[in-house]
Amino acid sequence: MLVFVARRLVVAIPLLLFTVSLVFLVFALIPGDPAVILAGETANRATVDAIRQRYGLDRPLVVRYGIYLRQVVKGDLGASIFTGVPVAREIRNRFTKALALAACSIGLAVTVGALLGIAAALKKDTAVDHLATVVALGGISIPGFWLGLLLIYVFSVQYRWFPTGGTGGWRALVLPTLTLSVFSIAFIARITRSLLLEVISQDYVRTARAKGVRGRSVVLKHALRNAMIPLVTVVGLRLGVMLTGSVVT
């Protein structure tokens with residue numbers, strides 16, 4: 001396991017370096033003068049030159065690239081041109097909120113999605129299975145931004161149960177958590193149902209039932225435990241999507 005992680009880290013280093021370099025090069029080649037953009041179109045020459053010197057824009061591209069890499073390695077991402085606050089601090093403050101939202105959303109998605117998937121698999125081709133399928137299909141089809149606006153209109157504007165935005169307290173997390181978790185609930189429910197049906201059809205499950213093991217024990221101790229192995233991978237991927245997709249939410 002440690003060797004595998006070490007190999008992944010070694011591969012990630014040149015990939016990260018390539019990505020950082022590509023981003024720097026793209027921004028350096030974008031048409032327009034950053035100093036003029038920061039100073040404004042009506043700024044005089046002296047102001048533009050002062051800004052260019054302040055941010056090192058008057059230096060050669062290779063020199064600026066070396067300074068950029070050195071600062072990135074040290075964790076110094078500079079200061080925001082809008083607030084003056086260090087960018088690393090801005091990212092840290094916002095990432096903690098995004099992480100809390102993603103954690104609540106993935107917890108709700110795993111709980112509800114797994115229960116729906118298990119119920120649909122155990123009650124295959126019944127009303128429960130059809131209802132779970134409809135719920136999953138609806139959750140996958142509904143756009144997140146539309147659902148978020150709908151929840152705000154109903155529960156914030158009409159009933160005033162939850163705030164329309166902002167942070168602070170559990171009430172501010174309810175609507176964003178619901179918005180962000182609906183798709184994952186549907187996705188996890190469908191995956192859980194498929195995996196559980198596949199495992200239930202295996203020979204060792206039929207053998208356990210033939211030996212007189214109760215249905216609940218077969219599902220919990222044998223089928224569900226093995227079905228959870230690929231499901232954990234799916235949940236990990238969904239957590240990454242939530243961390244990146246929670247910006248709009």
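## Ring pairs and a cluster

Two aromatic rings, from Phe, Tyr or Trp, count as a pair when their centres lie within 6.5 Å. With that in hand, here's a look at this model, which is a predicted one. Searching the whole structure turns up five aromatic pairs. Ring pairs also join Phe24, Tyr65 and Tyr68 into a cluster.

## Phe24 and Tyr65

Let's zoom in on one pair from that cluster. A pair of aromatic rings is described by the distance of the centres and the angle of the planes. For Phe24 and Tyr65, the ring centres are 5.4 Å apart and the planes meet at 55°, so this pair is tilted. Planes have to be over 60 degrees apart to count as edge-to-face.

Where do the two partners sit along the chain? Phe24 belongs to helix H1, which covers residues 2–29, while Tyr65 belongs to helix H4, residues 61–73. With these positions 41 residues apart, the pair ties together distant parts of the chain. As for accessibility, Phe24 comes out at 15%, so Phe24 is classed as buried. Tyr65 has 24% relative accessibility and therefore goes down as partly exposed. The cut-off for buried is under 20%.

## Phe183, Phe187 and a visiting arginine

Now for a stacked pair: Phe183 and Phe187 have 6.2 Å between their ring centres and 10° between their planes. Both residues are in helix H8 (residues 171–200), and because they are four residues apart there, about one helical turn separates them.

Are these rings buried or partly exposed? Phe183 is partly exposed, with a relative accessibility of 32%, and Phe187 is partly exposed too, at 28%. Phe187 also has a charged visitor: the charged end of Arg238 sits over its ring, 5.7 Å from the ring centre.

## Helix H3 and its two sides

Over to helix H3, residues 45–54. Its buried residues are Val48, Ile51 and Arg52. Looking down the axis of H3, you'd find these buried residues within an arc of 100°, so they line one face of the helix.

What do the buried residues of H3 pack against? Their partner is helix H2, residues 34–39. Flip to the face turned away from the buried side, and you meet the exposed residues Ala46, Gln53 and Arg54. After H3 comes Gly56, which has a positive phi, near 70°.

Notes
Residues numbered from 1 in each chain as written. Predicted model: local features only at pLDDT ≥ 70, side-chain atom pairs only at ≥ 80, totals over all residues. Heavy atoms only, no water. Phe/Tyr/Trp six-rings, centres within 6.5 Å; stacked < 30°, edge-to-face > 60°. Buried < 20%, exposed > 50% of the residue type's maximum accessible area, 1.4 Å probe, protein only. Lys NZ or Arg CZ within 6 Å of the ring centre and 35° of its normal. Arc of directions from axis to C-beta. Contact = heavy atoms within 4.5 Å.
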